[in-house]
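Please open the model in your viewer and keep the sequence beside it, so that each selection can be followed in both places. The tour goes from one group of side chains to the next.

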Amino acid sequence: MTQPHAPSVAQAPSYHPHSDRQAEHATRDTTRDWTLAERFGFRVLLAYVVLYTFPGPINELPGTDFITSPYGALWRTVVPWFGTHVLRLANPISIRPSGSGDKLFDWVAIPTMLAIALVAATVWSLIDRRRKSHDKLFAAFTLYLSFSLARTMFSYGFDKVLPNQFAPMDPVRLTQYIGETSPGGFAWTFLGFSIPYEVFAGAAETLAATLLLFRRTRTLGALVGAAVLTNVFMLNMSFDIPVKQYSAHLLLMCVFLAAL
């Protein structure tokens with residue numbers, strides 16, 4: 001006896017060697033939409049980091065003066081103007097070069113770049129309103145950040161491993177009273193006194209830079225770099241070594257990569 005309205009039996013799914021793999025790739029390729037705050041925040045961060053780190057690592061290549069010279073001249077015009085007309089600083093900003101990285105020019109350059117990054121991100125958001133995420137650009141940004149950090153830490157690391165960064169103890173330093181030295185000069189003498197410590201510090205920076213070059217070890221490199229740069233930053237702050245804001249930027253870059 002037939003039953004025309006009886007429910008039909010569902011056909012069992014057929015197995016295929018690639019079915020599970022295809023399902024896995026389909027799930028992995030699915031990306032979520034970013035919120036408006038995430039998109040805008042990333043655009044500000046990208047613009048600021050590029051402004052702060054450029055023209056590195058291009059300036060390490062020979063024959064790139066046609067890029068680095070106009071870029072430096074542009075900031076020597078923009079930063080004093082921003083300090084005078086936007087921040088309303090009473091004293092003029094000197095653009096004379098020196099060995100310090102904590103001049104008034106360097107500190108005013110930070111809000112100047114941040115303001116430009118905010119304007120650039122706003123214009124970008126108005127033009128590209130339909131975009132829902134920046135997954136590929138974010139991956140490229142982390143790669144650029146890793147390589148920029150590695151280049152800098154290789155430079156500082158090799159300068160210590162050789163060793164070359166800290167001046168050796170000469171007769172002038174040996175006959176100088178401690179009270180006559182600046183805090184930074186005292187720290188430089190203390191760090192240059194022990195070559196084994198200098199080599200150890202350089203080896204740690206070189207190790208972090210090497211690990212940052214590879215995707216599988218990038219997080220470990222960022223953690224090692226964060227530990228090394230925390231010590232560097234505290235030395236700079238405690239002994240008034242004029243590389244405070246630069247070392248703080250490098251430390252934040254390592255923390256950002258580790259947090260990913």
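Select Asp-106 to begin, in what is a predicted model, and note that Asp-106 is buried, with a relative accessible area of 15%. Its partner is Lys-103, and the two side chains form a salt bridge in which the closest N and O atoms are 3.0 Å apart. Lys-103 has a relative accessibility of 22% and counts as partly exposed, because the label "buried" is kept for values under 20%.

Next, select Glu-205 and Lys-160, whose side chains meet in a salt bridge at 3.1 Å, taken from N to O. This pair links distant parts of the chain, since Glu-205 belongs to helix α8 (residues 195-212) and Lys-160 to helix α5, 45 residues apart. Are these two residues buried or exposed? Both Glu-205 and Lys-160 turn out to be buried.

Now move to Lys-244 and Asp-240, which also meet in a salt bridge, with 2.7 Å from N to O. Lys-244 is buried at 13% relative accessibility, whereas Asp-240 is partly exposed, with a relative accessible area of 47%. Add Asp-102 to the selection, and you will have a network of salt bridges that links Asp-102, Asp-240 and Lys-244. The count of salt bridges comes to six. As a general point, side chains of opposite charge can pair when their charged atoms come close.

Leave the charged pairs for a moment and turn to the aromatic rings, of which the structure holds 13 pairs. Select Trp-34 and Phe-138, and rotate the view until both rings can be seen: they form an edge-to-face pair, at 6.1 Å centre to centre and with 80° between the planes. Which parts of the chain does this pair tie together? Trp-34 lies in the loop between α1 (19-29) and α2 (36-53), while Phe-138 lies in helix α5 (residues 135-161), so the pair joins parts that are 104 residues apart in sequence. Trp-34 counts as buried at 14% relative accessibility, and Phe-138 is partly exposed, with a relative accessible area of 25%.

For another arrangement of rings, select Tyr-48 and Tyr-52, which are stacked, because their ring centres are 6.1 Å apart and their planes stand at 20°, and the cut-off for stacking is an angle under 30 degrees. Tyr-48 and Tyr-52 are four residues apart in helix α2, and so about one helical turn separates them. Both Tyr-48 and Tyr-52 are buried.

Return to Trp-34 and Phe-138, and extend the selection to Phe-42, Phe-141 and Phe-256, for these five residues form one aromatic cluster. Then select Arg-43 together with Trp-124, where a charged side chain meets a ring: Arg-43 lies over the face of Trp-124, at 5.3 Å from the ring centre.

Finally, clear the selection and show the whole chain as a cartoon. The protein has ten helices and zero strands, so that, following the chain from the N terminus, you will meet α elements throughout. Of its 260 residues, 32% count as buried. Among the contacts between residues at least 6 apart in sequence, 71% join residues at least 24 apart. If you switch to a surface view, about 17000 Å² is exposed, and carbon and sulfur atoms supply 67% of that area.

How values were computed:
Residues are numbered from 1 along each chain as its sequence is written. This is a predicted model: local features need pLDDT of at least 70, side-chain atom pairs count only at pLDDT 80 or more; totals for chains, interfaces and linings use all residues. Side-chain values use heavy atoms; hydrogens and water are left out. Rings of Phe, Tyr and Trp (its six-membered ring) pair if their centres lie within 6.5 Å; planes under 30 degrees apart count as stacked, over 60 as edge-to-face and the rest as tilted. Helices (H or I, at least four residues) and strands (E, at least two) are DSSP runs, numbered from the N terminus. Buried means under 20% relative accessible area, exposed over 50%, partly exposed in between (1.4 Å probe, protein chains only). A charge sits over a ring if NZ of Lys or CZ of Arg is within 6 Å of the ring centre and within 35 degrees of the ring normal. Contact means heavy atoms within 4.5 Å. Accessible areas come from the Shrake-Rupley method with a 1.4 Å probe; for residues, only the protein chains shown count as cover. A salt bridge is a side-chain nitrogen of Lys or Arg within 4 Å of a carboxyl oxygen of Asp or Glu.
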